[in-house]
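I pulled up this model today and jotted down what I looked for. My notes follow.

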Amino acid sequence: MLSQSGVITEEHLDFTGSDNRRFVDVGARVRSGSRMSELLADVERQALSEALNQTEGDRVAASSLLGMNVSEFQERLSTFGL
């Protein structure tokens, strides 16, 4: 990797990839003072979204991946606006 300034910083790195995945950097979030509830909500939102991606939108299969029943899964999707 190269950087014009000679120092590679986090602004130079993109871990989102072409499929728009997001990663929760727990260390950075803790350092920045994120509340536990905010951090856990972000992780839950990501897990729900990833389960849907892996099952091509099949909510029954996605809920099964996460060990949830379908109604609970759908309720959590609604909570997060997914």
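**Notes on Ser49 and its surroundings**

I started with Ser49 and found it partly exposed, because its relative accessibility is 28% and the buried class stops under 20%. I kept in mind that this is a predicted model.

Where does Ser49 sit? I traced it to helix H2, which covers residues 36-54. I then checked its distance to Leu77: the two are 28 residues apart in sequence, yet their C-alpha atoms lie 8.5 Å apart in space.

Leu77 turned up again when I looked for the largest nonpolar core. I listed 8 residues there: Leu48, Ala51, Leu52, Ala62, Met68, Phe73, Leu77 and Phe80. I noted that H2 and helix H4 (70-80) are the elements that give two or more residues to this core. A general point for the margin: in soluble globular proteins, nonpolar side chains tend to be buried together.

Which residues does Ala62 touch, leaving out those up to four places away in sequence? I got Ala51, Leu52, Thr55 and Phe73. Ala51, Leu52 and Phe73 are also on my core list.

Last, I zoomed out to the whole chain. I counted 4 helices and 0 strands, and along the sequence they read α-α-α-α. Of the 82 residues, 16% are buried. I put the accessible surface at about 6,300 Å², with 51% of it belonging to carbon and sulfur atoms. For contacts with a separation of 6 or more, I noted that 25% come from residues 24 or more positions apart.

Methods: Residues numbered from 1 in each chain as written. Predicted model: local features only at pLDDT ≥ 70, side-chain atom pairs only at ≥ 80, totals over all residues. Heavy atoms only, no water. Buried < 20%, exposed > 50% of the residue type's maximum accessible area, 1.4 Å probe, protein only. Contact = heavy atoms within 4.5 Å. Areas by Shrake-Rupley, 256 points an atom, 1.4 Å probe, with all protein chains shown as cover. Core = buried A, V, L, I, M, F, W, Y, C linked by side-chain atoms within 4.5 Å.
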